[in-house]
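Could you open the viewer and walk me through this structure, one selection at a time? I am new to it and would like to know what to click and what I will find there.

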Amino acid sequence: MGRAFEYRKATKLKRWGHMARTFTKIGKQIAIAVKSGGPEPENNPTLRAIIANAKRENMPKDNIERAIKNAMGKDQSEYKEVTYEGYGPHGVAILVDTLTDNTTRTVGDVRSVFNKFNGNMGTTGSLSFLFDHKGVFTFKKKEGLDMDELILELIDFGVEDDYDEDEESNEVTIYGAPTSFGDIQKYLEAEGYEVTGAEFTYMPNDLKDVTPEERETIDKMVEKLEDFDDVQTVYTNMKPE
């Protein structure tokens, strides 16, 4: 497995809260995609990627279609993507990705959690050196696929030679430069790959050791942050168990 596999495996179940909150978060992503690229998935690659993620999270087709329809309404809110960052207790670095129509509300909510757990919010970009920003694609593996050849084809898009394979689901996950996200997606779709997940993520490049007691505190802080509907994903550099 790739070097990122164990980290992703250990943190995957902590990315999202209750399923209903997950659907709310995806609905906001759909709203932004529809506003920027239109409501037709075949003409909107960003929307196609979000729909793939929604299906991966078992979001019903009716919910997806309703979210697209709602996003076309005249009263649709103006959502912005904002990332907040800082240090939580025990020196653990934390990034909080949000989609919000009210930054005053959102920053207040996020700051209240940092304060409650004796953390400190930093300025934008102050913790970027601790995380690598990546575009991540998961797709069904074709029969007879030569991964070395595929990676060679995609190397000009900044795709890494480190990838993960899941034999149980017959899926492959690759990592690439965020700036080439659209080009990678276009290539995979043009070559007939079934893309089952496409997203941006932050992966820590310097994991921090913590005690079981410290881990419990950080987990509680992450859960409090994820309780807010504006919060999409919370990343930490805490070393997995």
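## First stop: a turn

Select Asn170, which counts as partly exposed because its relative accessibility is 38%; the band for that label runs from 20% to 50%. Keep in mind throughout that you are looking at a predicted model. Where does Asn170 sit? Its place is the loop between strand S5 (164-166) and strand S6 (171-176). Display the backbone here: phi of Asn170 is near 55°, which is a positive value in a residue other than glycine.

Now widen the selection to take in both neighbouring strands. S5 and S6 form a hairpin with four residues between them, and Asn170 belongs to the turn. The two strands run antiparallel and are joined by three bridges. To see one pairing, pick Asp166, which stands opposite Glu171 in S6.

## Along strand S6

Hide S5 for a moment and keep S6. Is S6 enclosed or open? Six of the six residues of S6 are buried, so the strand is largely enclosed by the rest of the structure. Turn the view to look at one side, where you find Glu171, Thr173 and Tyr175. Flip it over, and Val172, Ile174 and Gly176 are on the other side. Both faces are covered, with the residues on either side all buried.

Next, add strand S4 (residues 131-140). S4 pairs with S6 in the antiparallel sense, over six bridges. A good pair to label is Phe137 and Ile174: Ile174 in S6 is the bridge partner of Phe137.

## Second stop: another hairpin

Move to His90, which lies in the loop between S1 and S2. Phi of His90 is near 65°, again a positive value in a residue other than glycine. Is His90 buried, partly exposed or exposed? It counts as partly exposed, because its relative accessibility is 38%.

Select strand S1 (residues 80-87) along with S2, and you will see them pair in the antiparallel sense over eight bridges. They form a hairpin with five residues between them, with His90 in the turn. Two pairings are worth labelling here. Val82 stands opposite Thr98 in S2, and Thr83 has Asp97 in S2 as its bridge partner.

## Along strand S2

Leave S1 faint and colour S2 (residues 93-100). The strand is mostly covered, as eight of its eight residues are buried. Ala93, Leu95, Asp97 and Leu99 lie on one side, while Ile94, Val96, Thr98 and Thr100 lie on the other. Both of these faces are covered.

Which strand should you add next to S2? Choose strand S8 (residues 231-236): five bridges join S2 to S8, and the two run antiparallel. Stay on Asp97 as you do this, since its label now helps with two strands. Thr233 in S8 is the bridge partner of Asp97, and Asp97 is also the bridge partner of Thr83.

## Back to S1

Bring S1 into full view again and add strand S3 (residues 120-121). Two bridges join S1 to S3, and these strands run antiparallel. Label Gly86, whose bridge partner in S3 is Met121.

## Zoom out

Finally, show the protein chain as a cartoon. How many helices and strands are there? The chain has eight helices and eight strands. Its radius of gyration is 18 Å, close to the 18 Å that the globule rule gives for 241 residues, so the chain is as compact as a globular protein of that length. Along the principal axes, the C-alpha atoms fill a box of roughly 50 × 45 × 30 Å.

Colour by burial next: 44% of the 241 residues count as buried. If you draw contacts between residues at least 6 apart in sequence, 72% of them join residues at least 24 apart. Switch to a surface, and the chain exposes about 13,100 Å², with carbon and sulfur atoms supplying 47% of that area. For a last view, colour the charges: there are 31 positive and 46 negative ones, and their mean positions are 6 Å apart.

Key:
Residues are numbered from 1 along each chain as its sequence is written. This is a predicted model: local features need pLDDT of at least 70, side-chain atom pairs count only at pLDDT 80 or more; totals for chains, interfaces and linings use all residues. Side-chain values use heavy atoms; hydrogens and water are left out. Buried means under 20% relative accessible area, exposed over 50%, partly exposed in between (1.4 Å probe, protein chains only). Two strands pair if DSSP finds at least two bridges between them. The radius of gyration is taken over C-alpha atoms; the globule rule is 2.2 Å times the number of residues to the power 0.38. Contact means heavy atoms within 4.5 Å. Accessible areas come from the Shrake-Rupley method with a 1.4 Å probe; for residues, only the protein chains shown count as cover. Lys and Arg count as positive and Asp and Glu as negative; His and the chain ends are not counted. The place of a charge is taken as NZ of Lys, CZ of Arg, CG of Asp or CD of Glu.
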